[in-house]
2 protein chains.
Amino acid sequence: MDIRTRLHQHFTQLVPLTDDEFEYIWSHFSLKKFKKRQTLIQEGDAVKFHYWVHKGLIKSSHTDESGKEHILQFAMEDWWVSDYLALYNHTPATLTVDCIEDSEVLVLSDDDHQKLAREIHAFSNFFLLKKKGGYVGLQQRILLLLFKNPRERYERLQQLQPKLMQRVPKTLLAAYLGVSRESLSRLYQGEM
Amino acid sequence: MDIRTRLHQHFTQLVPLTDDEFEYIWSHFSLKKFKKRQTLIQEGDAVKFHYWVHKGLIKSSHTDESGKEHILQFAMEDWWVSDYLALYNHTPATLTVDCIEDSEVLVLSDDDHQKLAREIHAFSNFFLLKKKGGYVGLQQRILLLLFKNPRERYERLQQLQPKLMQRVPKTLLAAYLGVSRESLSRLYQGEM
């Protein structure tokens, strides 16, 4: 399926769109290709764009002063990713967004995103539904982090995102779950 | 300022609304008053409503199997609160939402919320902007929890929400920050 058709389906799964509306929305996107380890957003950058993953696997993360990487989010096919704090507040990026696999993404500027939300009611409704889902995902993540039990975090991720767990290297999974690489290995071996 | 005027301002700070549109939106809300410690949502309940805080202070939390309370969110004047996971997914509540102070809230059913989002473009835009802010707030919270340093979490909350920190009892602040009551006391005394 070509990328235009996939984006069309992505929208119309949630909201109705006329062909003219989709054509207009589509005209604001551009395609970018990135190699594994290439960076979409670097900490400290100005952030202007929303990214929709057509192919590949991307992560957003923050590296603390000791050099340790904390992963906020993974994004694979059909997921949206950016540093939303920086994007919405016009502040420098506090996250790095980079590619775990070779990736193809559709890029939409936040200026155009805001314009389209004002102009097209269904576009606004679509992202309201998306943000609701994203909000709930983060809510669940916070509760898991507060529980502080590596086993529960691990099992919950396995239950919610089995495909993701197969694709993401274990070192990165550990940085996402907030557990050590050694603890994660023990979880895989069923020892904890 | 009366509650209707405050809700009107709350919307029109972010989006333009005609008087007719606001009148129509307003007609879907109802006022409820709760005493300190009263419960809006109990874990296990079906969840039907969004709550907007007119007066008071509310928390949403989850109690784990050992009986320990983990606080997801506080909500004071002008904040929205619910168990969004349960509300959006029509699953039983995994959170308890109850009052830290006597509270007055405006109540809107999620059915009406969805209807208004479909009918009124500005309503949809308003909650898209709100959800963006909420999403970013949760994103910051996750990064703080991943850092796992009680001092940084404490200082960050003090910086972002100084008023909240004055109103919330310290035992509850500790349950929000994911630190022990004793660690929090040492932070207040500047010992950590």
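Reader: What phi does G178(A) take, just after α8(A)?

Author: A positive one, about 75 degrees. Bear in mind that this is a predicted model, where local features need pLDDT of at least 70, side-chain atom pairs count only at pLDDT 80 or more, and totals for chains, interfaces and linings use all residues. Residues are numbered from 1 along each chain as its sequence is written, chains are lettered from A and ligands numbered from 1 in the order written, and side-chain values use heavy atoms, leaving out hydrogens and water.

Reader: What makes α8(A) a helix, and why is it called largely enclosed?

Author: Helices are DSSP runs of H or I with at least four residues, strands runs of E with at least two, numbered from the N terminus. α8(A) covers residues 170-177, and six of its eight residues are buried, so the rest of the structure largely encloses it. Buried means under 20% relative accessible area (1.4 Å probe, protein chains only); L172(A) and Y176(A) are among those that qualify.

Reader: Why is R167(A) with E77(A) called a salt bridge?

Author: The rule wants a side-chain nitrogen of Lys or Arg within 4 Å of a carboxyl oxygen of Asp or Glu. Here the closest N and O atoms are 2.8 Å apart, so the pair passes.

Reader: How do you know that domain 1 and domain 2 of chain A touch?

Author: Contact means heavy atoms within 4.5 Å, and 14 residues of domain 1 meet 10 of domain 2 that way. The bounds, 3-132 and 148-192, come from an automatic or database domain assignment.

Key. Buried means under 20% relative accessible area, exposed over 50%, partly exposed in between (1.4 Å probe, protein chains only).
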